[in-house]
Structure formats: C-alpha cells, structure tokens
Amino acid sequence: MTQQDQNQLMETAKTIADQFKLPENGYLQKTVEEYVKQSLHGLAHQDPVGIPMLPSFVSSMPTGKEKGTFLALDLGGTNFRVCLVKLLGNSKHTIDQIKEAVNPEIMASDMKTFISHLGDRIVSFLEIYYQSFLEQCAHDPESTPELKAGFTFSFPLHQTAVNRGTLIRWTKGYSINDAVGKDILQALQQELDSRGLRLHLTAVINDTVGTLLTRSYSKPVGCGPTIIGCIFGTGTNGAYSEPLANITKLGAEELAHVAPGKDSMVINTEWGAFDNALKVIPNCKYDKLLDANTPNPGFHMFEKRVSGMFLGELLRIIMVELHDAGLLFTTNEALEALKYPSPAHAKDGKTQNALRVPWSMNTAVPATLDGESNNNNNNNNNNNDDFTHSRKIMYEHLGFEPNQDELAALSVIACAIGKRAAYLSAVPLAGAVLHSRALERFDTIDVGADGSVIEHYPRFQEMIFEALEQTELGSKGVARITMGIAKDGSGVGAALCALEAEGCL
Ligand code: ADP
Ligand code: MG
C-alpha cells in the first residue's frame with residue numbers, strides 16, 4: 001500500500017464516518033420529544049407502523065424476597081435457552097441452563113417444526129438437569145407435581161392476558177410465516193402435553209419485561225426503584241410501567257384480565273419500531289443499503305441503527321464498498337483469502353467469503369475495532385493503535401489479517417457506527433424517564449439492562465449517559481439515574497413472571 005493509497009483510505013473512512021454523525025444543537029432533545037409523542041400515540045392506538053406499546057399484563061414488581069423453582073424458556077434473536085431457575089428470596093438466584101443458537105433452517109421453517117424443535121430442546125435440557133422429573137412424568141404422571149414455567153419470548157405479541165398472546169410479526173431475521181397470528185404459548189403447551197411432560201406454561205413475557213423484573217429482584221441495596229428494563233442485544237427494546245388510565249387502547253375485556261387492585265401495567269414498548277417514517281432518525285446511504293436487504297424493509301428503523309444484528313452488517317456493507325473501490329483488502333494475501341469461505345463460516349458450508357455474505361459480521365467486529373482504537377476518546381494508548389484483538393477477529397471473519405492502515409481506517413468507521421448507536425439508544429430511555437416523571441417522585445431511579453451490545457460494546461453505557469446529559473434531563477438529572485446489567489434477565493424474568501401469573505408477586 002503506497003502512502004497515497006493509505007491517505008486516500010483514511011480520508012474516505014473519515015468521510016464515511018461523518019455520515020454517521022448526529023446533528024448537534026438540540027437534536028437529541030427534539031428526538032426525545034418525538035419519541036414521547038409517538039409512544040403516547042401507541043398507548044391509544046393499535047397502529048401497525050407506529051411504536052406498538054404492547055400491554056404485558058404484568059402489574060407487580062418483585063421485591064427481591066420471592067422464592068421458588070421454575071423452568072424458564074427464553075427465545076431471543078440468536079439463542080434458545082432452557083433454564084431451571086431457583087429464586088432464593090434474598091435477591092439471589094441459581095440457574096442451570098442450556099443455550100443453543102437457533103439455526104437458520106428453523107428460523108425460516110413452519111410452526112409445527114418450530115414448536116417441535118422447542119419441545120426437543122426442553123427434553124434435552126431435562127435429560128441433563130432434571131432426569132428425575134422426566135422419569136416421574138413417564139412412570140407416575142398423576143403424582144408428579146406440576147413444574148411451573150415462564151417463557152421469555154422476545155418478539156411482538158398481542159397479549160390479552162399474562163398467559164395469552166398471538167404473534168404480531170417476526171423480527172430479528174425470523175420468518176416462520178404460519179406462526180403469525182397464532183398463540184405461541186398455547187401451541188407449546190399442547191406440544192409439552194402431548195409429550196406427557198407435567199409442565200405448566202403460566203406466563204409469556206418479552207425479554208425487556210423480564211429484564212425489568214429481574215433487575216427489580218436483584219438490584220443492589222440502596223438503588224432507587226427500577227423503572228425501565230432495556231435490551232441492547234440482537235435487537236433493542238424497552239419496558240416501563242404505565243398507569244392503566246393512560247393505556248386507552250385497552251378494551252373492557254382486556255381490563256378484566258388485569259390483576260385485581262392494580263392501577264398500572266408494564267408496557268413492552270417495542271421501541272425498535274420508533275420513527276419508522278424517519279421523521280427524526282438519520283438515514284444515510286448505508287442505512288438504506290442495509291434496510292433494502294432485510295426481511296422487513298421500512299420497519300424497525302430505530303433498531304436497525306442501534307442493535308447487534310445491524311451494527312456489524314453496516315460495517316460489512318461499507319467494507320464491500322471500499323473493497324470494490326480498490327481501497328481496502330488489496331494485498332495478494334487478502335485477495336487470495338477472499339476467494340474462500342472464512343474460518344468462522346467454512347463449517348457452515350458457505351461458498352463465499354463472509355465479506356460478501358449478508359449478516360455474517362458479528363457486532364463483536366466493530367466493537368473490537370472500536371475498543372482498540374485511538375478514535376475511542378477514552379483510550380489513551382499514546383497514539384499507537386494496538387489492533388491485536390481486531391486482527392484476530394478479522395481473521396476469524398474474513399480468513400486474513402488486514403494491515404495496520406486498514407484496521408485504523410476501519411476503526412474510524414466502527415467508532416462512528418457505535419457512537420451513533422449509543423447516542424440514539426439514549427432517546428427512548430430519556431423519553432421514558434421524562435414521560436413517567438419518575439425523577440419528580442423518587443430521589444434516584446434505576447434502569448435494568450441486558451444484551452451483548454450493552455455488556456460488551458466498549459463504553460456503550462458511558463456513551464448512553466453522555467447523550468442523556470444532552471437531553472432535558474441534564475447532568476443533574478442523569479446523576480440520579482443508575483443502570484445495571486440484569487444478569488440472566490430473560491431466565492430469571494421468566495421465573496418471576498411465572499410467579500406473577502400465580503398472583504404471588
Ligand atoms: P439475544 O439478542 O439473542 O438475547 P445477545 O444479547 O447475546 O443475544 O445479542 C447478540 C448480538 O450481540 C448479536 O447480534 C451480536 O452481533 C452482538 N454481539 C456479540 N458479541 C458482541 C460483542 N463482543 N460486542 C458487541 N456486540 C456483540
Ligand atoms: Mg437476550
């Protein structure tokens with residue numbers, strides 16, 4: 001690579017990074033106001049293109065004293081987990097679990113195949129962790145005590161009770177078309193019954209509701225009330241509690257399923273669908289290229305700028321453009337490697353190098369580049385980028401190690417993608433805090449979070465807080481907000497909702 005090529009690559013990278021810069025001067029607060037406006041619309045109307053604001057029929061928050069043993073199921077964007085959760089009653093829990101990525105064939109199969117796959121995984125789990133239960137079910141079902149189970153199902157459901165919900169649509173790459181409109185919990189219950197398992201699915205919740213419940217159960221002593229649960233993983237989403245009087249779209253029949261004496265309900269916002277009409281959120285060239293190649297173009301537009309399924313893909317699309325322009329991966333070694341499937345994908349039988357395979361780039365790639373870069377302004381490594389981990393992860397994804405200049409240029413782009421994602425992530429958080437007026441009622445408030453992006457993307461949480469300070473909350477408001485990872489949020493949340501369904505929260 002000549003000096004001139006290097007300069008041109010870095011200049012082009014900076015121009016691309018600029019396209020990910022958010023406007024200044026009040027942009028974030030204006031976007032927060034638009035978020036609140038769109039979310040209020042969602043509380044009043046069933047609008048297929050607006051923010052869904054889905055009632056969860058969960059109306060109680062755990063205190064940390066809850067106890068019991070539950071089976072917990074968790075279907076996120078990437079994995080299906082089966083867990084046995086023991087709530088110990090002192091904000092602590094134990095969990096045994098198996099976790100397996102759902103393969104693309106299942107994600108695009110039919111309802112029968114999908115439900116039967118979930119059944120198989122549950123049996124595999126019980127064979128390892130609860131063989132005695134399986135044996136008892138087989139030999140003496142009548143006297144086997146029923147094991148209560150909760151299901152964290154992280155796709156939009158139209159719920160009419162805590163244990164009733166029909167699938168509105170798939171997100172995060174799933175396309176099991178005949179499941180849309182069906183009650184997933186009921187279908188799985190029938191499957192479990194037909195296998196003679198004494199399991200009772202008592203509740204279905206979204207992972208974001210699970211995160212809220214889990215953090216409320218497990219937060220450290222001294223934290224204020226947990227008012228938001230949020231997810232930054234494959235997708236992004238949030239949940240918070242809303243007075244029933246404001247959820248005007250609830251009909252009389254649905255209100256009859258609210259636990260007696262409760263005057264609020266947790267709302268699963270599905271904020272990934274914020275601003276599908278693109279009134280305020282940015283839409284650069286690469287956002288458009290990405291959206292065009294999704295199964296749901298025009299939907300979940302906020303999520304497509306924020307979450308793990310998309311940040312790696314944005315970087316991949318840009319790498320393809322730079323490569324096609326002759327600016328990136330031009331060495332003989334790179335050109336040779338690009339002819340073959342890369343190590344991480346060879347075993348999937350993919351015939352192309354991952355550079356050309358849509359959705360093949362994990363967000364761990366931009367996260368690693370960002371973490372090792374000088375552009376990341378908290379990283380004081382004396383202007384001496386050390387891309388050791390980036391080299392390794394690039395090798396895994398592409399089958400060769402890009403050179404230092406390429407890594408430096410890509411890290412400029414990765415930082416821009418990551419910063420925009422974290423800053424946009426602050427918008428619905430600020431919106432929920434301001435709309436709920438929680439800071440007027442409590443000295444401090446708490447937010448529970450979950451997902452690989454917020455856990456592992458370097459400084460993601462710090463960048464969210466930086467952005468929150470730029471909203472009406474200001475630094476004084478933000479200083480009264482704590483945020484913590486709700487460990488095992490989906491599993492513990494499923495256990496807590498099974499308790500809620502029994503009226504025990
Ligand atoms: P799920 O959404 O299924 O619950 P996760 O919370 O683990 O699963 O999120 C998976 C997403 O996180 C994937 O889209 C992946 O690209 C992204 N991811 C995985 N590892 C990292 C990492 N180290 N840094 C940032 N993002 C990551
Ligand atoms: Mg998850």
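**Figure 1. Asp287 is a buried residue, with a relative accessible area of 1%.** The view is taken from a predicted model. Asp287 lies in helix α9, which covers residues 285–292. Its side chain makes a polar contact of 2.7 Å with the side chain of Arg420. Apart from neighbours within four places in sequence, the residues in contact with Asp287 are Pro282, Arg305, Leu314 and Arg420. Arg420 is thus listed among the contacts of Asp287 and is also the side-chain partner in the polar contact.

**Figure 2. Surroundings of Ser411 in helix α15.** Ser411 has a relative accessible area of 1% and is therefore counted as buried, the limit being under 20%. The side chain of Ser411 reaches back to the backbone oxygen of Ala408, at a distance of 2.8 Å. When neighbours within four places in sequence are set aside, Ser411 is in contact with Leu369, Ser373, Asn375 and Phe387.

**Figure 3. The largest nonpolar core of the model, made up of 121 residues.** Ile228, Met319 and Phe329 have the most contacts inside this core. Helix α15, spanning residues 404–436, supplies the largest share of the core, with 19 residues. A second core, separate from this one, has 41 residues, among them Leu126, Leu157, Leu167 and Leu192. In soluble globular proteins, nonpolar side chains tend to be buried together.

**Figure 4. Contacts of Ile228, one of the residues with the most contacts inside the largest nonpolar core.** With residues up to four places away in sequence not counted, Ile228 touches Leu212, Ala239, Tyr240 and Trp271, as well as Leu429, Ala432 and Val433. Asp446, Val447 and Gly448 are also touched by Ile228.

**Figure 5. Gly484 in strand β13, residues 481–485.** Gly484 counts as buried because its relative accessibility is 8%, where the limit is under 20%. Residues up to four places away in sequence aside, Gly484 touches Arg215, Asp446, Val447, Gly448 and Ala449. Among these, Asp446, Val447 and Gly448 are also touched by Ile228. Ser342 is 142 residues from Gly484 in sequence, and the two C-alpha atoms are 36 Å apart in space.

**Figure 6. The shell of 17 residues around ligand 1.** Thr78, Thr234, Gly308, Thr363 and Ser452 are the closest of these residues. By class, the shell consists of 12 polar and 5 nonpolar residues, with no charged ones.

**Figure 7. Polar atoms of Ser452, Gly308 and Met309 beside oxygen atoms of ligand 1.** A polar side-chain atom of Ser452 is 2.5 Å from an oxygen atom of the ligand. On the backbone, an N or O atom of Gly308 lies 3.2 Å from an oxygen atom of ligand 1, and a polar atom of Met309 is 3.3 Å from an oxygen atom of ligand 1. Of the 580 Å² of accessible area that ligand 1 has on its own, the protein covers 81%. Two or more residues of the shell come from each of the elements α10 (308–324), α13 (364–371) and α17 (452–456). Helix α17 gives the most, with 3 residues.

Note on methods: Residues numbered from 1 in each chain as written. Chains lettered and ligands numbered in written order. Predicted model: local features only at pLDDT ≥ 70, side-chain atom pairs only at ≥ 80, totals over all residues. Heavy atoms only, no water. Core = buried A, V, L, I, M, F, W, Y, C linked by side-chain atoms within 4.5 Å. Buried < 20%, exposed > 50% of the residue type's maximum accessible area, 1.4 Å probe, protein only. Helix = DSSP H or I, 4+ residues; strand = E, 2+ residues; numbered from the N terminus. Contact = heavy atoms within 4.5 Å. Near = heavy atom within 4 Å. Polar contact = N/O pair within 3.5 Å; in protein donor to acceptor, adjacent residues only side chain to side chain. Areas by Shrake-Rupley, 256 points an atom, 1.4 Å probe, with all protein chains shown as cover. Nonpolar A, V, L, I, M, F, W, Y, C, P; charged D, E, K, R; others polar.
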